[in-house]
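Student: Please pick one part of this structure and take me through it closely. I'd like to follow it residue by residue, and then see what lies around it.

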Amino acid sequence: MTEPGAFAMTIGGRPVAGTAWFDVLNPATEEVVGRAPDCSRAQLDEAVEAARGAFPAWRATPLAERQRLVARIGEVIRELAGDLKYLLTAEQGKPHAAAEADLLDGARWCEAVSTLSPPVIVNEDDAERRSETHFVPIGVVGGIAPWNFPIALAMWKVAPALVAGNTMVLKPSPFTPLTTLRIGEALQAVLPPGVLNIVTGQDELGPWMTAHPGIDKISFTGSTQTGRKVMASAAATLKRVTLELGGNDAAIVLPDVDVRDTAEKLFWAAFFNAGQICIATKRVYIHADIYDELLDALTAYAATVKVGNGAHQGVDLGPIQNRLQYRRVVDLIEDARQQGYALRTAGEVPDGPGYFVPITFVDNPPDDARIVAEEQFGPVLPLMKFDSVDEAVARANASDYGLAGSVWSKDEQAALAIAGRLETGTVWINEALHVTPFASFGGHKQSGMGVENGIDGMLEYTNPQTIVLRKAGGGEA
């Protein structure tokens with residue numbers, strides 16, 4: 001077990017120990033892998049004060065220099081990825097290769113976002129006046145990152161916020177804080193003090209941040225239920241908010257697909273990271289003509305996938321990341337069993353400790369089943385038959401969520417037509433899970449507010465400011 005003090009917060013460009021500590025567990029073994037500082041309210045105030053103090057100089061730093069330093073963040077993460085993947089696996093559970101990919105995605109995001117620039121829009125330019133709209137930084141941003149992709153999704157916030165000229169207080173999930181703390185320590189030598197502060201804590205810290213009068217914007221990734229609380233708390237000070245929330249993403253599979261090839265792609269669309277992805281496929285609507293064949297193909301492929309401790313060689317899928325989520329997934333499977341729905345499981349899970357759930361398919365449950373209506377966020381997937389495209393689209397859209405979806409067909413024009421009818425922020429055709437730093441990403445309905453990534457995502461960290469110049473000799477006022 002790592003001794004207290006080995007992990008430190010970053011406040012004002014220096015390491016800060018906690019006045020208290022909390023344990024971080026390995027979800028594959030349920031053993032303590034480290035202890036993280038439990039940020040006090042006074043230490044949060046210190047972090048916010050450091051960010052506010054750093055803001056004027058950081059805002060005044062030329063854009064090119066801010067971009068250079070954000071790119072350097074990416075370089076540092078890339079340099080550390082080979083070593084930090086072991087720590088990330090220990091606290092998150094995913095296999096080493098997936099942990100390294102999480103780190104490298106964070107690096108890639110920083111490097112890519114560093115090439116973006118807030119635009120200047122010329123509204124008028126004539127003999128009388130010139131009117132320009134600039135996009136200026138908001139101030140201090142509070143970033144709250146999730147446990148499923150701790151580094152990549154944190155950098156979705158850090159990179160655009162800093163390039164735009166804001167300073168930040170970043171809070172990783174209490175389930176996965178350790179790797180982020182290590183990165184924070186490395187960045188103390190890269191960024192001016194106070195530009196990026198990293199604090200860790202338990203259930204109280206998030207609400208302290210969302211209500212803090214010194215934080216001007218909250219960027220949150222997590223569940224819809226918690227997102228509502230974030231929005232309510234931020235309302236007291238009219239904080240700007242970006243909320244990337246839950247999804248219940250539907251896939252529609254037309255009868256002309258190559259069943260075996262589609263089965264493998266659908267499997268990973270649903271079960272990568274043990275299904276713990278907001279944009280994972282969580283409902284599959286399969287045309288009746290190929291339903292049985294595709295169900296068999298999915299089950300057969302699942303039998304080839306090894307579930308286990310991500311630190312062990314040959315493991316493809318790790319555990320559920322924490323006990324609370326594990327109990328939720330197990331409860332959904334048990335509810336399906338009690339309702340009499342047919343279940344198919346594949347593969348074996350390790351005996352002993354760990355939050356392991358076997359890969360589970362639910363065979364054609366009704367649309368009002370909990371496993372269909374709720375976001376499972378784990379390795380269980382309902383498959384449903386449909387007869388007509390209109391029916392499939394209506395059932396896919398019958399959800400409070402609208403994050404992403406996918407359409408699978410050899411007929412690209414037919415698939416494009418269906419995609420345009422889905423009420424989601426992203427639709428993939430013949431693939432899933434592809435995201436890029438250069439494309440806007442956000443949810444419809446209760447899957448979020450605002451967008452991340454691309455220039456639109458960067459503008460979420462700015463306020464528009466229009467400057468109007470009345471030109472000399474431009475006519476009477």
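Tutor: Start with the buried residues of helix α5: they are Leu-178, Thr-179, Thr-180, Leu-181, Ile-183, Gly-184 and Leu-187. Buried here means under 20% relative accessible area, while exposed means over 50% and partly exposed is in between, using a 1.4 Å probe and protein chains only. That makes seven of the ten residues of α5 buried, so the helix is largely enclosed by the rest of the structure. The names come from DSSP runs: helices are H or I runs of at least four residues, strands are E runs of at least two, and both are numbered from the N terminus.

Before going on, keep in mind that this is a predicted model: local features need pLDDT of at least 70, side-chain atom pairs count only at pLDDT 80 or more, and totals for chains, interfaces and linings use all residues. Residues are numbered from 1 along each chain as its sequence is written, and side-chain values use heavy atoms, with hydrogens and water left out.

Now step back along the chain to the loop between β8 (167-171) and α5, where you'll find Ser-173. Its relative accessibility is 4%, so Ser-173 counts as buried. The Ser-173 side chain reaches the backbone nitrogen of Phe-175 at 3.0 Å. That's a polar contact, a pair of N or O atoms within 3.5 Å; within protein, one must be able to donate a hydrogen and the other to accept it, and residues adjacent in sequence count only if both atoms are side-chain atoms. Leaving aside neighbours within four places in sequence, Ser-173 is in contact (heavy atoms within 4.5 Å) with Ala-145, Pro-146 and Trp-147.

Next, what about the empty space around the helix? Rolling a probe the size of a water molecule over the atoms shows where empty space is left. On a 1 Å grid over the protein atoms alone, a cavity is a set of points where a 1.4 Å probe fits but cannot get out; a pocket is an open set with protein on both sides within 12 Å along at least five of seven lines; and lining residues have an atom within 4 Å of a point. Grid points are joined across faces, edges and corners, and a volume is the space filled by probe spheres set on the points.

The structure has six cavities of 30 Å³ or more. The second largest holds about 70 Å³ of space. Two buried residues of α5, Gly-184 and Leu-187, are among the residues that line this second largest cavity, along with others including Thr-10, Gly-13, Pro-192 and Leu-196. The elements giving two or more residues to that lining are α5 (178-187) and β9 (196-198). By class, the lining has seven nonpolar, five polar and no charged residues. For that count, Ala, Val, Leu, Ile, Met, Phe, Trp, Tyr, Cys and Pro are nonpolar, Asp, Glu, Lys and Arg are charged, and the others, Gly among them, are polar.

Stay with β9 for a moment, as Asn-197 sits in that strand. Asn-197 has 0% relative accessibility, so it counts as buried. A polar atom of the Asn-197 side chain lies 2.8 Å from the backbone nitrogen of Gly-12. Not counting residues up to four places away in sequence, Asn-197 touches Thr-10, Ile-11, Gly-12, Ala-47, Ala-50, Ala-51, Met-168, Val-169 and Leu-170. Notice Thr-10 in that list: Thr-10 also lines the second largest cavity.

Let's go back to Trp-147, a contact of Ser-173, because it leads us to an open space. The largest pocket holds about 1,400 Å³. It is lined by 39 residues, and Trp-147, Phe-220, Gly-222, Ser-223 and Thr-226 lie nearest its centre. Elements giving two or more residues to this lining are α6 (205-211), β10 (217-221), α7 (224-235) and α10 (323-338). Of these, α7 gives the most, with seven residues. The lining of the largest pocket divides into 15 nonpolar, 16 polar and eight charged residues.

One last stop is the largest cavity, with about 90 Å³ of space. Of the 15 residues that line it, the closest to its centre are Ala-250, Arg-283, Ala-396, Ala-404 and Thr-424. By class, that lining has six nonpolar, five polar and four charged residues.
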